[in-house]
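Let's take a walk through the empty spaces of this protein, and then stop at a few unusual spots in its backbone. Have the model open beside you as you read.

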Amino acid sequence: MPAPGQAITSRLVPLLTPGNSEPQTHPMKYVLHSLIATIACGLCTPASFGQSALNRAVRFADHMEPSIPHEEQTTIADEKLEALKKSTGKRPNIVWLLVDDMGYGDPGCYGGGITTGAATPNMDRLAREGIRLTSCYAQNTCTPTRSAMLTGRLPVRTGLTRPILAGDKLTVNPWEGESSLPKILEESGYNTLLVGKWHIGSAPGMRPHEIGFDEHFGYYGAQKETSQAVDPSRYPDLILDAEKFQRYQAIGEDNGLMHGFADGTLEEVSTVDSIEDMARADKVLTDFSVQKILELSKSDKPFFLEHAFMKVHTDDYAHPDFVGMSASKYPYKDALCEVDMEIGMIVQALEDAGVLENTFISVTSDNGPQMDGWPDSGYTPFRGAKGTTWEGGVRVPGIAYWKGMIKPGRESDDVFDLMDLFNTSLHIAGAESMVPKGRYIDGIDQTSFLLHDQGQGNRECVFFWFKSNLMAIRMREYKSHVKVILPHSNLMHIDMATLEDTGTAPWLFNLYIDPKEELAVGHRMNAWLASLGAELAAHAATFKKYPPKNVGL
Ligand code: CA
């Protein structure tokens with residue numbers, strides 16, 4: 001793999017040369033060549049690298065992503081946290097509720113719900129009584145988002161640039177040299193638990209109970225990796241052909257329900273032998289989380305629970321008790337209704353345990369809907385889908401709820417990257433001084449944004465990557481693409497698409513007037529074009545000092 005820094009800088013010439021200007025004569029070209037040359041020769045550190053005057057962010061440390069300073073809001077948020085700690089005598093619990101492949105347009109509070117045949121009263125209530133983020137970003141697929149949330153680092157830095165699939169053999173354990181959020185929280189005195197989907201490596205040394213979680217109860221892969229071994233109606237060519245099926249089984253993934261502990265104890269609780277086993281999985285996981293919440297709430301230690309649903313990733317099968325639960329009656333919609341009900345059960349368990357007011361809760365999805373699986377897929381109002389860096393692939397629902405701590409009814413379009421949950425969770429836990437050093441951290445502490453009653457976002461830019469390609473940047477309502485994924489058939493964003501350079505100029509969109517990214521505004525309203533290029537160059541420069549890892553994906 002070429003060093004991403006080199007790949008990026010080679011892309012900056014067209015990126016930073018506006019429109020059809022003659023490359024040899026445009027004055028910007030000279031400046032940019034100088035910038036690129038500076039990056040390329042390694043003389044320029046991220047701290048000294050320029051950013052546009054319009055960029056409000058400040059780089060407070062060489063290895064930390066720049067953030068927008070909000071001193072007063074930070075002070076007030078910290079006072080709130082301190083007051084809570086005094087009243088409860090315990091640091092807060094942290095609960096992440098992560099749905100797989102749920103679309104931006106699926107929950108009712110994002111325009112879906114009853115409109116699209118699947119009511120989501122629980123997510124809607126959390127949004128109504130907490131904060132609803134309208135520009136919350138994931139990576140474009142499962143493994144990259146999940147690993148980024150747990151490390152605060154872009155997938156291109158950790159090497160976890162795409163989903164790990166059956167048969168993949170990594171050359172390096174990607175967790176080597178990383179400090180996961182559960183590991184840091186465990187060291188600071190938290191109980192740490194993952195319930196549900198992992199999908200960041202099933203080989204020894206890469207499993208959740210080996211990288212920082214005290215306990216994991218769940219599955220290593222996505223639903224589809226399991227269902228293709230048990231659904232002969234969908235996969236007859238594999239399951240009904242004994243020779244092929246034997247070869248498939250020989251690649252030997254652990255597809256059952258696993259229960260692992262940090263002391264190395266690992267048990268396969270049950271295997272998935274039928275569609276019905278798959279359909280029942282999420283209810284089993286939720287019952288486990290509910291029971292663990294009641295148990296952990298009695299401990300002297302606070303807890304971090306990541307509950308990662310198996311649904312609504314294709315292939316969805318309705319739980320026998322919830323067939324037809326949705327108005328739509330389609331399996332995806334029944335799955336969405338089930339997940340929403342289970343989110344309600346988990347929040348209820350926190351209330352029953354008497355810890356709701358001392359628990360930060362986030363609800364989100366790990367990427368956009370997988371339109372390649374339609375109609376077993378979610379909905380997005382935006383262009384593109386899972387597997388792309390168009391808004392449809394990366395903009396996800398983002399709800400944060402904390403009774404008494406987050407003012408009900410808040411909404412914000414300030415940008416939020418799911419990696420920010422890494423830094424934010426450490427701050428909430430009082431462990432912000434334990435943010436790792438010696439490696440680049442892309443997450444930003446958004447605690448004050450969420451906790452201050454009129455909080456403003458602390459993040460200025462979001463960078464979008466596809467594998468090891470820097471694709472695009474968003475800053476305020478502007479988004480500029482230097483590479484894009486283009487489908488060659490309707491909805492085929494993964495299975496029939498190409499990765500292409502934008503060519504003569506970056507494609508700049510104003511998401512407020514063109515949320516579907518249909519018509520670039522470069523030459524009509526391009527005041528920010530150069531500044532976005534400067535931000536991309538500064539971002540690229542961070543890879544010179546902090547080189548990315550290649551783990552063989
Ligand atoms: Ca996913």
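In this predicted model, the count comes to four cavities of 30 Å³ or more. The largest cavity has a volume of about 130 Å³. Its lining is made up of 14 residues, and those closest to the centre are Asn-55, Glu-65, Pro-66, Phe-463 and Glu-535. Two elements, strand S12 and helix H16 (529-545), each supply at least two residues of this lining. H16 gives the most, with four residues.

The second largest cavity holds about 60 Å³ of space. Strands S2 (131-137), S8 (359-365) and S9 (395-401) each bring at least two residues to its lining. Among the lining residues you can pick out Leu-133, Cys-136, Val-363, Ile-399, Phe-416 and Leu-450. How many charged residues are found in the lining of this second largest cavity? There are no charged residues there, the lining being divided into nine nonpolar and three polar. The largest cavity, for its part, has four charged residues in its lining.

Now for the open spaces. The largest pocket has a volume of about 750 Å³. It is lined by 33 residues, and Thr-141, Pro-163, Leu-165, Lys-386 and Ile-494 lie nearest its centre. Helices H5 (142-151), H6 (155-158) and H8 (223-227), together with strands S12 (461-466) and S16 (497-501), are the elements that give two or more residues to the lining. S16 provides the largest share, three residues. Where does this pocket lie with respect to the domains? Domain 1 (4-63 + 462-545) and domain 2 (91-371 + 378-420) both give residues to the lining, so the largest pocket lies between them.

The second largest pocket contains about 540 Å³ of space. Of the 27 residues that line it, Phe-60, Met-64, Ser-67, His-427 and Asp-445 are the closest to its centre. Here the elements giving two or more residues are helices H3 (71-88), H14 (420-428) and H15 (447-451). H3 gives the most to this lining, with four residues.

The make-up of the four linings is set out below.

| Space | Nonpolar residues | Polar residues | Charged residues |
|---|---|---|---|
| Largest pocket | 14 | 12 | seven |
| Second largest pocket | 10 | 11 | six |
| Largest cavity | six | four | four |
| Second largest cavity | nine | three | no charged |

Let's turn to the backbone. The peptide bond from Lys-311 to Val-312 is cis, with omega near 10°. Val-312 sits in the loop between strand S7 (303-308) and helix H12 (331-352). Another cis peptide bond runs from Trp-374 to Pro-375, again with omega near 10°. You will find Pro-375 in the loop between S8 and helix H13 (391-394).

Positive phi values also deserve a look. Arg-476, a residue other than glycine, has phi near 50°. The loop that holds Arg-476 connects strand S13 (469-475) and strand S14 (478-481). Leu-491 is not a glycine either, yet its phi is positive at about 75°. Leu-491 belongs to the loop between strand S15 (483-487) and S16.

Why do these two residues count as partly exposed? The class covers values between 20% and 50% relative accessible area. Arg-476 has 28% relative accessibility, so it counts as partly exposed. Leu-491 has 25% relative accessibility and therefore counts as partly exposed too.

Note on methods. Residues are numbered from 1 along each chain as its sequence is written. This is a predicted model: local features need pLDDT of at least 70, side-chain atom pairs count only at pLDDT 80 or more; totals for chains, interfaces and linings use all residues. Side-chain values use heavy atoms; hydrogens and water are left out. On a 1 Å grid over the protein atoms alone, a cavity is a set of points where a 1.4 Å probe fits but cannot get out, and a pocket is an open set with protein on both sides within 12 Å along at least five of seven lines; lining residues have an atom within 4 Å of a point. Grid points are joined across faces, edges and corners, and a volume is the space filled by probe spheres set on the points. Ala, Val, Leu, Ile, Met, Phe, Trp, Tyr, Cys and Pro count as nonpolar, Asp, Glu, Lys and Arg as charged, and the others, Gly among them, as polar. Domain bounds come from an automatic or database domain assignment. Buried means under 20% relative accessible area, exposed over 50%, partly exposed in between (1.4 Å probe, protein chains only).
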